[in-house]
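Trainee: I'm new to this structure and would love a close look at just one part of it. Could you walk me through a single helix and what surrounds it?

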Amino acid sequence: MSEHELRVRVRSLIHDRASVPSAEITSTCVLSVDLGYDSLSLIELVDAIEETFGLAAVGQETIATLETVGDVEALVLDMLAGVAAEAAR
C-alpha cells in the first residue's frame with residue numbers, strides 16, 4: 001500500500017467518526033475543534049486504526065498527543081515503518 005493510499009484509508013477512518021463531509025478533512029484539521037472529536041471518539045478511532053492496520057496497541061500517552069489529522073497519519077506511517085523494520089530483521 002502506498003503512502004497516499006494509507007493517508008486515504010486513515011482519513012476514511014477519521015471521517016467515520018467526524019461531523020463534517022469527507023472533502024473537508026485535511027491534514028491540518030484539528031480533531032476536536034474542526035471535526036467534533038471527543039475523547040471517546042478518539043479512542044474509537046485509534047482502536048479502528050489498530051484493527052485495520054494490524055498494529056500494536058497505542059498507549060494513552062501517545063493518544064493524548066494526537067491533535068490533528070496529520071498527527072494521526074504520521075502515527076500510522078511511523079508505526080507501519082516500525083513493523084516493516086522489525087520484519088526485515
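Mentor: Gladly! Let's start with a term we will need: a salt bridge is a side-chain nitrogen of Lys or Arg within 4 Å of a carboxyl oxygen of Asp or Glu. Please keep in mind that this is a predicted model, where local features need pLDDT of at least 70 and side-chain atom pairs count only at pLDDT 80 or more, while totals for chains, interfaces and linings use all residues. Residues are numbered from 1 along each chain as its sequence is written, and side-chain values use heavy atoms, with hydrogens and water left out.

Our part is helix α1, residues 3-15. Helices here (H or I, at least four residues) are DSSP runs, numbered from the N terminus. The expected span of a helix is 1.5 Å times one less than its number of residues. For the 13 residues of α1 that should give 18 Å, and its end C-alpha atoms are indeed 18 Å apart, which agrees.

Now look at the inward side. Buried means under 20% relative accessible area, exposed over 50%, and partly exposed in between (1.4 Å probe, protein chains only). In α1, the residues L6, V10, L13 and I14 are buried. Seen down the axis, the buried residues of α1 fall within an arc of 100° (taken from the directions from the helix axis to the C-beta atoms), so they line one face of the helix. It helps to know that an α-helix has 3.6 residues a turn, so residues three or four places apart point the same way.

I14 also leads us to the nonpolar core, a set of buried Ala, Val, Leu, Ile, Met, Phe, Trp, Tyr and Cys residues joined through side-chain atoms within 4.5 Å. The largest such core has 26 residues, and I14, L31 and L35 have the most contacts inside it. Helices α1, α3 (39-53) and α5 (69-88) each supply at least two of its residues. Of these, α3 gives the most, with six residues. L31 is in contact (heavy atoms within 4.5 Å) with I14, and beyond its neighbours within four places in sequence its partners also include L42, L66 and V72.

Next come the charged residues. Three salt bridges are present in the structure. One joins the side chains of R7 and E3, at 2.9 Å from N to O. Both residues lie in α1, four residues apart, about one turn of the helix. E3 is partly exposed, with a relative accessible area of 46%, and R7 counts as partly exposed at 26%.

R7 has another partner: its side chain meets that of E73 in a salt bridge of 2.8 Å, N to O. This pair links distant parts of the chain, with E73 in helix α5 and R7 in helix α1, 66 residues apart. E73 counts as buried, at 1% relative accessibility. E73 forms a salt bridge with R11 too, the closest N and O atoms being 2.6 Å apart. Since R11 lies in α1 and E73 in α5, that pair ties together parts that are 62 residues apart in sequence. Put together, E3, R7, R11 and E73 are linked in a network of salt bridges.
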